[in-house]
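Please read the following report alongside the sequence and the model shown here. It moves from the overall fold to individual residues.

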Amino acid sequence: MKDPAATKVTKGLAKLLADTYTLYLKTQNFHWHVTGPHFHSLHKMFEEEYVQLAAAVDEIAERIRALNHPAPASFTEFLKLTSIKENVTTPSANDMVKQLLNDHEIIIKHIAEILPVAQQVKDEATFDLLINRTEEHEKTAWMLRSSIG
């Protein structure tokens, strides 16, 4: 893949990888630190989310490598590429849910930008990966939206 659109696909995937890894870390942080009356259900939901995100990180990185490009693989690279804001405080459980919802919506929008490019270069494997990621993020966003108090 040497044409500019194909390179744009791998750059989009690199950003998606950074966003996914940052969201993984943030979700795991919230899993560890959530408190309040909905502790058990949120603790469990956050764990399910970060386990799913960990698998997604691997899948996205492997797709980048399959396209013969290096995958970003350091916090330094991820911080340069990500649109997801880190959280260094411990917000309320409800604010955790709101932040994660916002982050999933950011990723959904980013995927929507990459999809037509993958389609343009006839990269069906990447297109399929992006559709699957969209479905997962939309489902998670729906669950988070339904959990806001």
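The text below describes a predicted model, beginning with the whole chain and then turning to its helices, loops and selected residues.

**Overall architecture**

The protein contains five helices and zero strands, and from the N terminus on its elements follow the order α-α-α-α-α. Its radius of gyration is 16 Å, close to the 15 Å that the globule rule gives for 149 residues, so the protein is as compact as a globular protein of that length. Taken along the principal axes, the box filled by the C-alpha atoms is roughly 55 × 30 × 20 Å.

Buried residues account for 46% of the 149 residues. When contacts between residues at least 6 apart in sequence are considered, 79% of them join residues at least 24 apart. The protein exposes about 8100 Å², and carbon and sulfur atoms supply 55% of that area. As for charge, the protein carries 16 positive and 20 negative charges, and the mean positions of these two sets are 5 Å apart.

**The helices**

For three of the helices, the distance between the end C-alpha atoms can be set beside the span expected at 1.5 Å a residue, as the table shows.

| Helix | Number of residues | Expected span | Distance between end C-alpha atoms |
|---|---|---|---|
| α1 | 30 residues | 44 Å | 43 Å |
| α2 | 28 residues | 40 Å | 40 Å |
| α4 | 28 residues | 40 Å | 42 Å |

In helix α1, which covers residues 4–33, the end-to-end distance agrees with the expected span, and the two values for α4 likewise agree. For α2, the reach from the first C-alpha to the last is close to the expectation. Of the 30 residues of α1, 21 are buried, so this helix is largely enclosed by the rest of the structure.

**Buried residues in α1 and α2**

Which residues does His 31 touch, once residues up to four places away in sequence are not counted? His 31 belongs to helix α1, and its relative accessibility is 5%, which is under the 20% limit, so His 31 counts as buried. The residues that His 31 touches under that condition are His 43, Phe 46, Glu 47 and Tyr 50. Helix α2 runs over residues 39–66, so by their numbers these four partners of His 31 fall within the range of α2.

Arg 63 is a residue of helix α2, and with a relative accessible area of 17% it is also under the 20% limit and therefore buried. Leaving aside neighbours within four places in sequence, Arg 63 is in contact with Leu 13, Asp 123, Ala 125, Thr 126 and Leu 129.

**Loops and positive phi angles**

Two residues other than glycine deserve a look for their backbone angles. Asn 68 has a phi near 65 degrees, a positive value in a residue that is not glycine, and this residue comes just after α2. Asn 68 is placed in the loop between α2 (39–66) and α3 (75–81), where its relative accessibility of 65% is over the 50% limit, so Asn 68 counts as exposed.

Lys 122, although not a glycine, has a positive phi of about 60 degrees, and its position is just after α4. The loop that holds Lys 122 lies between α4 (93–120) and α5 (124–147), and a relative accessibility of 67% means that Lys 122 counts as exposed.

Is Pro 37, in the loop between α1 and α2, buried or exposed? At 82% relative accessibility, Pro 37 counts as exposed. Pro 37 and Ser 146 are 109 residues apart along the chain, and their C-alpha atoms are separated by 16 Å.

**A partly exposed residue in α5**

Asp 128 lies in helix α5, and its relative accessible area of 45% falls between the 20% and 50% limits, so Asp 128 is described as partly exposed. The C-alpha atom of Asp 128 is separated by 9.1 Å from that of Leu 115, and these two residues are 13 residues apart along the chain.

Methods: Residues are numbered from 1 along each chain as its sequence is written. This is a predicted model: local features need pLDDT of at least 70, side-chain atom pairs count only at pLDDT 80 or more; totals for chains, interfaces and linings use all residues. Side-chain values use heavy atoms; hydrogens and water are left out. The radius of gyration is taken over C-alpha atoms; the globule rule is 2.2 Å times the number of residues to the power 0.38. Buried means under 20% relative accessible area, exposed over 50%, partly exposed in between (1.4 Å probe, protein chains only). Contact means heavy atoms within 4.5 Å. Accessible areas come from the Shrake-Rupley method with a 1.4 Å probe; for residues, only the protein chains shown count as cover. Lys and Arg count as positive and Asp and Glu as negative; His and the chain ends are not counted. The place of a charge is taken as NZ of Lys, CZ of Arg, CG of Asp or CD of Glu. The expected span of a helix is 1.5 Å times one less than its number of residues.
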